[in-house]
Structures are given as structure tokens and as C-alpha cells.
Amino acid sequence: MNELPLRSRIDSLHLKAVFVLILFILIMIGSAINTGVTSDFSWDQFIAIFVKMAHPDWSYVAVIIQPIFQTIQMAIVGTVIGTIVAIPFSLLAARNLVKNVVMRRLIRFVLNLVRALPDLLLGALFVAIVGIGSMAGVGALAVFSFGMVSKLFYEAIETIDEGPLDALKATGANSIQVIMFAVIPQVFNQFLSYFLYTLEINVRASTILGYLGAGGVGLFLSQTMSMFRYDRTIIVILAILVVVVVVDGVSNRAREALA
């Protein structure tokens with residue numbers, strides 16, 4: 001009869017897990033000390049703000065309806081523009097479509113460079129370039145969407161079945177025909193799913209970009225907080241919450257249908 005192997009004393013006492021936990025706690029404490037994190041917290045100020053938010057100025061709802069729609073429109077336009085530009089770049093970055101290593105690496109380097117720029121930095125740059133307004137938000141979301149969607153797209157392309165590609169090439173089809181009739185049909189649903197996922201993220205991001213002056217409801221969030229009108233700030237927050245929940249629900253249902 002085979003006997004089960006005996007566990008070492010270290011494993012039986014779970015010393016590895018304890019060591020990892022202690023190391024993690026020490027890293028957290030060291031990081032807090034180095035970054036100057038303190039436990040100072042003004043409960044009086046927190047309660048004062050909470051009391052003001054507990055009495056919303058419901059008349060402000062009419063003011064932010066139009067900015068809410070502008071925020072959604074910014075997210076849609078920025079995502080569409082970024083996705084359209086990302087499609088050819090994702091095709092050029094796919095390993096199974098482009099055999100030229102130098103070109104493929106150059107394209108991926110550009111995509112990595114774009115993804116390295118956070119959306120807040122992009123928003124600040126576009127506000128400085130085109131000024132305060134929705135155009136800055138659309139530009140920032142378009143660049144952000146381009147970097148994100150292109151990576152998702154070329155990774156999806158690299159997972160396709162290459163049998164149809166080889167069959168079309170054997171019949172003399174050119175590169176455009178191979179992409180149209182062998183690549184796109186295999187990844188179309190994934191493309192739509194990634195587009196909806198990016199749109200979902202951009203709806204959230206557009207509210208923060210508005211806080212920087214890039215248009216939309218985020219601008220009103222900044223204004224109400226700077227004026228200490230927390231009774232109106234809570235209205236903006238609730239409106240953003242409703243929009244995010246609705247967009248998330250619609251996007252999840254659509255992506256489940258495409259799966």
C-alpha cells in the first residue's frame with residue numbers, strides 16, 4: 001500500500017504563507033512611511049460635507065441634463081474615432097499577418113508608446129492645445145481608445161484559425177481579400193465586444209476629463225466643488241452613477257449576446 005508523502009515542517013506550519021504575509025505588511029508600512037501617509041482625518045469636515053450632500057439641490061438636475069448627454073456623446077465619438085484608426089494598426093501589428101519583423105515591432109512600439117500615456121495626461125494636453133471644451137475630451141478619448149483597442153484587436157487576430165487564410169492565399173487572393181474574407185469574419189464579434197468594453201471605460205473616463213476642463217458633466221463637478229456647493233455636487237455624482245450603471249448594463253448585455 002502506497003503511503004502519502006509526509007509534509008515538511010515548513011509546509012505543515014504554513015510558514016511560507018506567514019512569511020509572505022509579514023513581508024507584505026512590512027512593505028506596506030515602509031511605503032506608507034516613505035510616501036508620508038498619515039492617519040490625520042478631519043471628521044468634522046467630513047460630517048459637514050456629508051450633511052450638505054444629504055440635502056441635494058434637486059433643481060440642479062435640469063442644469064446637468066445637457067452636460068450628461070454631452071459626456072456620453074464625447075465617449076461615443078472618441079471611441080469610434082480611436083477604433084477606426086486602430087483597425088489598420090492592429091492588422092499591421094498581428095504576427096500572423098505581417099511577417100516583416102522590423103515593421104511589426106515598430107508598429108507595436110508606437111502602440112506601446114500611446115498606451116503609456118494616461119488619459120488624464122492626454123486630457124491636460126488636449127486642453128492646452130485646443131482649449132477648454134468637448135473637443136479636448138474627444139481628442140483625449142480617441143487617442144486613449146486607439147492605444148487600448150489596437151492591442152486588443154491584434155491579440156484577437158493572432159488567435160484566429162489560419163486555415164482559411166492559407167486556403168485563400170492558395171487560390172491567389174491578395175492581402176485585402178484575405179483580410180476581408182478570412183480575418184474579419186473570425187474576429188468581428190470580438191471586435192464589437194472590445195469596442196463596447198472600451199466605450200464603457202470611456203464613459204467613466206469622460207467624467208474625469210471634464211473635471212480637467214475637457215467638457216461634459218465633469219466640468220460641473222469641478223465648478224460645484226470649487227464653490228463648495230456640495231448640495232449640487234451630490235446631484236452631479238448621482239447623475240454620473242446612473243449613466244455609468246446604465247451604460248455598464250447595456251454594454252454587458254451586448255457583449256454577452258456577442259459571446
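**Pocket, patch and a buried alanine**

Student: What volume does the largest pocket have?

Tutor: This is a predicted model, where local features need pLDDT of at least 70, side-chain atom pairs count only at pLDDT 80 or more, and totals for chains, interfaces and linings use all residues. Residues are numbered from 1 along each chain as its sequence is written, and side-chain values use heavy atoms, without hydrogens and water. A pocket is an open set of points on a 1 Å grid where a 1.4 Å probe fits, with protein on both sides within 12 Å along at least five of seven lines. The volume of the largest pocket, the space filled by probe spheres set on the points, is about 240 Å³.

Student: Which helix gives the most to the lining of the largest pocket?

Tutor: Lining residues have an atom within 4 Å of a point, and helices are DSSP runs (H or I, at least four residues) numbered from the N terminus. At least two lining residues come from each of α4 (61-93), α8 (163-170) and α9 (175-211). The most, 4 residues, come from α9.

Student: Is Ala-86 buried or exposed?

Tutor: Ala-86 sits in helix α4. Buried means under 20% relative accessible area, exposed over 50%, and partly exposed in between (1.4 Å probe, protein chains only). Because its relative accessibility is 0%, Ala-86 counts as buried.

Student: How does Val-18 count by relative accessibility?

Tutor: Val-18 lies in helix α2 (residues 15-35). Its relative accessibility is 40%, so Val-18 counts as partly exposed.
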